[in-house]
Amino acid sequence: AEAEHIPQPPTAPFVGNLTDIDMDYPLGSMMHLAKKYGPIYKLSLSGLDLIVVSNWELVHETCDDSRFKKSIKGDLEELRAAVHDGLFTSKGEEEVNWGVAHRVLMTAFGPLAIRTMFDEMHEVASQLALKWARQGPAQPIDVGEDLTRLTLDTVALCSMGFRFNSYYREDLHPFIKAMYAVLKEAGMKTMRILPSIFYQSEDRKYHENIKLLRSTAREVLDSRKTLPEGADTRKDLLSAMLRGVDPKTGRKMLDESIIDNLITFLVAGHETTAATFQFTLYNLVKHPDTYRKVQHEVDAVVGTGAITLEHISKLKYLAAVLRETLRQNAPISAFAREPLQDEIIGGKCKVKAGTQIVCLLAKSQSDPVVYGPTADQFVPERMFDENFERIQEEFPHSWSPFGSGIRSCIGRPFAWQELMLAFAILLQNFNFVMDNPSYTLRVAQTLTIKPKDFYIRAIPRDGLT
Ligand code: HEM
């Protein structure tokens with residue numbers, strides 16, 4: 001059959017479709033173009049041609065690991081200056097370091113290992129609850145800031161025993177500042193239009209910040225390695241990386257690869273989880289009926305005492321709320337794939353090997369083919385365990401906020417336990433209300449999307465600890 005033409009907005013000389021994209025909020029532009037041009041369209045952005053797919057069927061096809069793989073272009077490629085072939089930014093499964101790290105870390109990130117992190121996750125979440133309790137109900141809370149402190153401190157403590165102590169300082173730790181600067185510059189670098197000579201001072205700063213990230217991670221690694229025999233009793237990701245032997249190759253991880261991945265965990269693990277917290281909190285305060293049911297569940301399961309590991313899996317409503325939030329507001333709103341060989345997708349569109357295909361979760365996860373006439377509404381009940389399993393069986397990849405296949409999120413059980421635990425503690429101890437009741441969701445976009453200017457108040461609940 002004749003291959004079909006893929007629609008593309010009209011291009012301008014030199015800049016292609018660059019003017020179609022709002023650089024502060026590319027997701028918004030891509031959603032808008034999907035409405036106008038349909039579930040598959042093409043864009044040319046300063047030398048990079050890409051295809052955007054946004055319905056369930058095309059995303060599902062593109063997730064097939066036997067025909068497509070994760071694509072590392074743009075921001076992710078720039079980030080390789082900082083974390084090389086760490087898990088997130090590795091170019092292909094064939095890269096030796098990815099394979100060794102993946103196999104060594106699969107167990108360390110598995111549900112059993114994550115359970116041993118419960119106490120430390122609990123400790124950081126309690127610091128947050130304490131802070132909000134002390135501030136009292138009159139204080140508007142910048143949700144983004146406080147939840148980012150939570151997720152950063154949690155991932156640093158549980159992965160390498162490092163304490164940022166973000167709740168005990170006003171400013172950000174130098175490591176965190178450097179990390180933000182690197183993430184931001186990696187994005188800016190993809191939009192440069194002048195020769196590199198014009199960006200020397202930016203480049204110098206970029207490399208200084210990368211140096212700081214790596215030297216801090218190296219110090220953490222060295223201090224662990226120099227502990228006397230038997231003194232390293234921590235069971236965290238760092239110790240798993242130091243001790244672990246890859247069952248396939250018999251190799252251990254190289255120090256450089258451990259450093260790449262320590263930084264990767266902080267980058268990949270904090271903004272995503274913080275954004276999920278914020279969107280979920282937003283959905284709860286916006287849907288009082290759901291809020292009441294979830295709080296009722298926490299009261300029934302946990303009561304007023306200390307929360308334990310066993311409580312977590314019993315919080316079914318809360319789990320459904322998180323899943324529905326991740327469906328409508330996936331913090332990683334798109335992921336990128338590319339064909340291994342020249343391909344025909346959707347039965348009719350030719351795509352050359354290596355062409356980037358952006359899977360637009362922000363749209364495909366609301367496909368009415370999967371979610372019916374209520375696809376655009378917040379309906380947590382559709383995400384109860386048995387419904388959730390049925391949807392995934394019938395429509396694989398229709399819910400993919402953690403990515404897909406071999407390159408999907410290794411931190412999923414970690415994030416899940418952290419989210420469930422902290423929400424249980426917060427719902428147990430506070431009633432949340434919107435600071436400005438007329439606020440409606442606005443989002444900001446960096447590597448992830450997250451609510452913008454979202455403030456709440458936390459009213460301590462009577463009689464609870
Ligand atoms: C990969 C989402 C939390 C570590 C991914 C991918 C997604 C994702 C969509 C695939 C990206 C792609 O295909 O380009 C999320 C969400 C999270 C979360 C929504 C929170 C709700 C975490 C946490 C960690 C983590 C807590 C670590 C502690 C990673 C790593 C990868 C990854 C290392 C790369 C895996 C590989 O390619 O081998 N995540 N993530 N993530 N995530 Fe997460």
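Here are three short exercises with worked solutions on the iron-bearing ligand and a central strand pairing.

Before you start: the model is predicted, so to speak of local features a pLDDT of at least 70 is needed, side-chain atom pairs count only at pLDDT 80 or more, and totals for chains, interfaces and linings use all residues. Residues are numbered from 1 along each chain as its sequence is written, and side-chain values use heavy atoms, with hydrogens and water left out.

**Exercise 1.** Find which protein atom is the donor to the iron atom of the ligand.

*Solution.* Look for donors, meaning N, O and S atoms within 2.8 Å of the metal (3.2 Å for Na, K and Ca); water is not among the atoms, so sites may look incomplete. The protein offers a single donor, Cys409 (SG), 2.3 Å away. Next, place cysteine 409: the loop between helix H17 (385-394) and helix H18 (412-429) holds this residue.

**Exercise 2.** Work out which side chains have a polar atom facing an oxygen atom of the ligand.

*Solution.* Use polar contacts (here, pairs of N or O atoms within 3.5 Å). Arginine 407 makes one at 2.6 Å, tryptophan 98 at 2.8 Å and lysine 70 at 3.1 Å.

**Exercise 3.** Trace the partners of strand E5 (residues 334-339).

*Solution.* Strands are DSSP runs of at least two residues, and two pair if DSSP finds at least two bridges between them. On E3 (residues 68-70), the pairing is antiparallel over three bridges, with lysine 70 opposite arginine 337. With E8 (residues 356-360), E5 pairs antiparallel over four bridges; alanine 336 meets valine 358 there.

Key: Buried < 20%, exposed > 50% of the residue type's maximum accessible area, 1.4 Å probe, protein only. Polar contact = N/O pair within 3.5 Å; in protein donor to acceptor, adjacent residues only side chain to side chain.
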